[in-house]
Amino acid sequence: MQRYKTKQIFVGNVAIGGDAPISIQSMTFSKTCDIPATKAQIDRLSLAGADIVRVAVSDENDANALKELKKVSPLPLVADIHFRYRFALIAAESVDCIRINPGNIGSKDKIKAVADACNARGIPIRIGVNGGSLEKRFERKYGATPQGMIESALYNIKLLEDFGFDNIKVSLKASDVVRTMQAYRGLREKVEYPFHLGVTEAGLLMHSAVKSAMALGGLLMEGIGDTMRCSITGELEEEVNLARMILKYSGRQKQGITLISCPTCGRIEADLVKAVREVEQKISHIKTPLQVSVMGCVVNALGEAKHADIAIAFGNKEGMIIKAGEVIGKYKESEILDIFIKEVQELAKEREKMA
């Protein structure tokens with residue numbers, strides 16, 4: 001599966017674009033000037049596996065807090081700036097990247113001032129085009145369409161380039177799948193800069209999961225995208241977990257467990273839901289790529305196990321464990337889960353030694 005080759009930039013020590021792994025971002029929702037609360041949220045995101053974190057800069061207190069926050073943040077820090085360009089000038093003294101929305105940041109002179117400040121410290125700017133807040137000239141001509149988003153991005157890229165700035169990444173977010181995908185597709189062949197993928201205002205977990213899987217997963221499978229955020233209302237770790245799943249199932253990240261489990265039906269003779277949750281919890285730390293199958297009966301298991309690295313199939317008060325397509329043992333229901341989890345862990349260790 002080919003991936004579009006893009007210019008590589010760095011946000012702190014995280015490479016974005018080129019042949020770098022696709023990085024995962026999220027955003028805190030605490031008041032940024034509340035450093036203990038914001039640090040606690042960043043720590044949670046870091047523990048969940050985020051690579052980069054973005055924080056809102058809503059006022060001067062937030063902007064001034066960034067210097068201290070940067071000292072304690074375990075993740076590269078991106079300052080999210082709307083309307084007041086002078087907050088970007090303050091932020092540029094401390095953070096690893098500035099995100100500006102060209103639809104509301106102001107005049108050319110203000111954008112030049114931000115570019116100069118970022119150039120002075122060698123930090124990138126994310127041009128964050130949002131379908132709901134385009135510059136008036138593009139909104140009047142194109143409406144809130146993918147073409148309007150593309151034209152806004154091209155205009156602002158050219159503007160930064162004219163100011164001698166090319167340390168750029170770009171996002172083109174809309175609140176729906178179709179516009180988001182069309183915008184990214186339309187711009188991809190026109191510029192070499194890395195793309196930050198996302199669906200904005202995606203909603204609560206279920207809504208965001210569907211929108212993000214369709215839009216971001218679809219783009220990733222087309223080779224588009226260098227970094228990403230799955231926006232979920234009121235969530236932190238779930239944003240990271242969802243992004244990791246999309247990377248895995250789109251084939252862009254070959255790491256960790258791929259868990260397969262059958263749909264529930266009348267053939268099941270064990271508490272399959274409980275079993276799957278227990279397996280997932282106890283093997284979630286494994287980074288070795290493995291396909292693990294948990295099946296409620298032998299009907300599905302015999303087929304699925306041929307393709308899984310290791311599988312468990314429940315029966316009436318007992319079950320069997322299948323490894324590389326071969327049954328390695330039958331066990332009582334009371335003991336099989338513990339044995340299975342141990343077998344998965346041992347297989348992961350074997351694969352690590354072979355790598």
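## Cysteines and the search for disulfides

How many disulfides does a search of the whole structure find? In this predicted model, the search of the whole structure finds zero disulfides. Cys97 is in no disulfide, and the nearest cysteine sulfur to that of Cys97 belongs to Cys118, at 7.5 Å. Because a pair of cysteine sulfur atoms must lie within 2.5 Å to count as a disulfide, the distance of 7.5 Å between the sulfurs of Cys97 and Cys118 does not qualify. In general terms, a disulfide is a covalent bond that joins the sulfur atoms of two cysteines.

Cys97 is also buried, with a relative accessible area of 0%. Cys230 is likewise in no disulfide, and here the nearest cysteine sulfur is that of Cys97, 18 Å away. With a relative accessible area of 1%, Cys230 is buried as well.

## An open sheet of five strands

Five strands form an open sheet in the order 11-12-13-14-15, and the pairing within this sheet is mixed. Strand 11, covering 257–261, and strand 15, covering 326–332, are the edge strands, each of which pairs on one side only. On average, and with direction ignored, neighbouring strands of the sheet are turned by 15° against each other.

Within the sheet, strand 13 (residues 310–314) pairs with strand 14 (residues 318–323) in the antiparallel sense, over five bridges. Ala313 stands opposite Met320, a residue of strand 14. Helix 12, made of residues 333–354, lies across strand 12 (290–295), strand 13, strand 14 and strand 15, and it runs at about 170° to strand 13. Because angles over 145 degrees count as roughly antiparallel, helix 12 and strand 13 can be described as roughly antiparallel in their directions.

## Two loops with positive phi values

Which residue is found in the loop between strand 13 and strand 14, and is that residue buried or exposed? Lys317 is found in this loop, and its relative accessibility of 64% means that Lys317 counts as exposed. The phi of Lys317 is near 70°, which is a positive value in a residue other than glycine.

The loop between strand 14 and strand 15 holds Ala324. Although Ala324 is not a glycine, its phi is positive, at about 55°. Ala324 is exposed, with a relative accessible area of 62%.

## Helix 7 and helix 8

Helix 7 (residues 177–188) packs with helix 8 (residues 205–221) at an angle of about 15°, and the axes of the two helices are 9 Å apart. Because angles under 35 degrees count as roughly parallel, helix 7 and helix 8 are roughly parallel to each other. Helix 7 passes helix 8 in a right-handed crossing. On the side of helix 7, the contact is made by Val177, Thr180, Met181, Tyr184 and Arg185, while helix 8 contributes Lys211, Met214, Ala215, Gly218 and Leu219.

## Leu205 and its surroundings

Leu205 is found in helix 8, where it is partly exposed, with a relative accessible area of 36%. When its neighbours within four places in sequence are left aside, Leu205 is in contact with Ile232 and Glu238. How many residues apart in sequence are Leu205 and Ala308? They are 103 residues apart in sequence, and in space the distance between them is 29 Å, taken from C-alpha to C-alpha.

Note on methods. Residues numbered from 1 in each chain as written. Predicted model: local features only at pLDDT ≥ 70, side-chain atom pairs only at ≥ 80, totals over all residues. Heavy atoms only, no water. Buried < 20%, exposed > 50% of the residue type's maximum accessible area, 1.4 Å probe, protein only. Pairing = 2+ DSSP bridges. Helix = DSSP H or I, 4+ residues; strand = E, 2+ residues; numbered from the N terminus. Axes fitted to C-alpha atoms, helices over the stretch in contact; angles between N-to-C directions. Contact = heavy atoms within 4.5 Å. Parallel < 35°, antiparallel > 145°, perpendicular 65-115°, else oblique. Left-handed = near helix turned anticlockwise from the far one by under 90°.
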